[in-house]
Amino acid sequence: MTETNLHFVQLLLSLQTGTMIHLGKIASPISGQIERDLAQARATIDLLDALRTKTEGNLSADEKSLLDRALY
């Protein structure tokens, strides 16, 4: 995996984790509590969708699969 690919994967995983925290699916690493912020979750999902649109045709199969799973 190239450094660029690694950075892209780290970005996706960071956004996905943040979304899961905002949806209340996992505890906040700061407070250890389940905290919901559905507006922030929606904003992050929209950001992931924008990434999918802007990178269409430029991702490896693995990157596309990871992004699709993050949006699922």
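The following paragraphs describe the fold of this chain, its third helix and its surface. The structure is a predicted model.

The chain contains three helices and zero strands. Read from the N terminus, its elements follow the order α-α-α. Along the principal axes, the C-alpha atoms occupy a box of roughly 35 × 20 × 15 Å. Among contacts in the chain with a separation of 6 or more, 38% join residues that are 24 or more positions apart.

Helix α3, which spans residues 61-71, shows how one element is placed against others. Its buried residues are E63, L66, L67 and A70. Because these residues cover an arc of only 95° around the axis, they lie on the same side of α3. The cover over the buried residues of α3 includes α1 (3-22) and α2 (38-55). On the face of α3 turned away from the buried side, the exposed residues are A61 and R69. Helix α3 thus presents a buried side, with E63, L66, L67 and A70, and a face turned away from that side, with A61 and R69.

For the chain as a whole, 22% of the 72 residues count as buried, a residue being buried when its relative accessible area is under 20%. The exposed area of the chain is about 5200 Å², and carbon and sulfur atoms supply 55% of that area. With regard to charge, the chain carries 7 positive and 9 negative side chains. The centres of these two sets are 7 Å apart.

Definitions and conventions. Residues numbered from 1 in each chain as written. Predicted model: local features only at pLDDT ≥ 70, side-chain atom pairs only at ≥ 80, totals over all residues. Heavy atoms only, no water. Buried < 20%, exposed > 50% of the residue type's maximum accessible area, 1.4 Å probe, protein only. Helix = DSSP H or I, 4+ residues; strand = E, 2+ residues; numbered from the N terminus. Arc of directions from axis to C-beta. Contact = heavy atoms within 4.5 Å. Areas by Shrake-Rupley, 256 points an atom, 1.4 Å probe, with all protein chains shown as cover. Lys, Arg positive; Asp, Glu negative; His and termini not counted. Charge placed at Lys NZ, Arg CZ, Asp CG, Glu CD.
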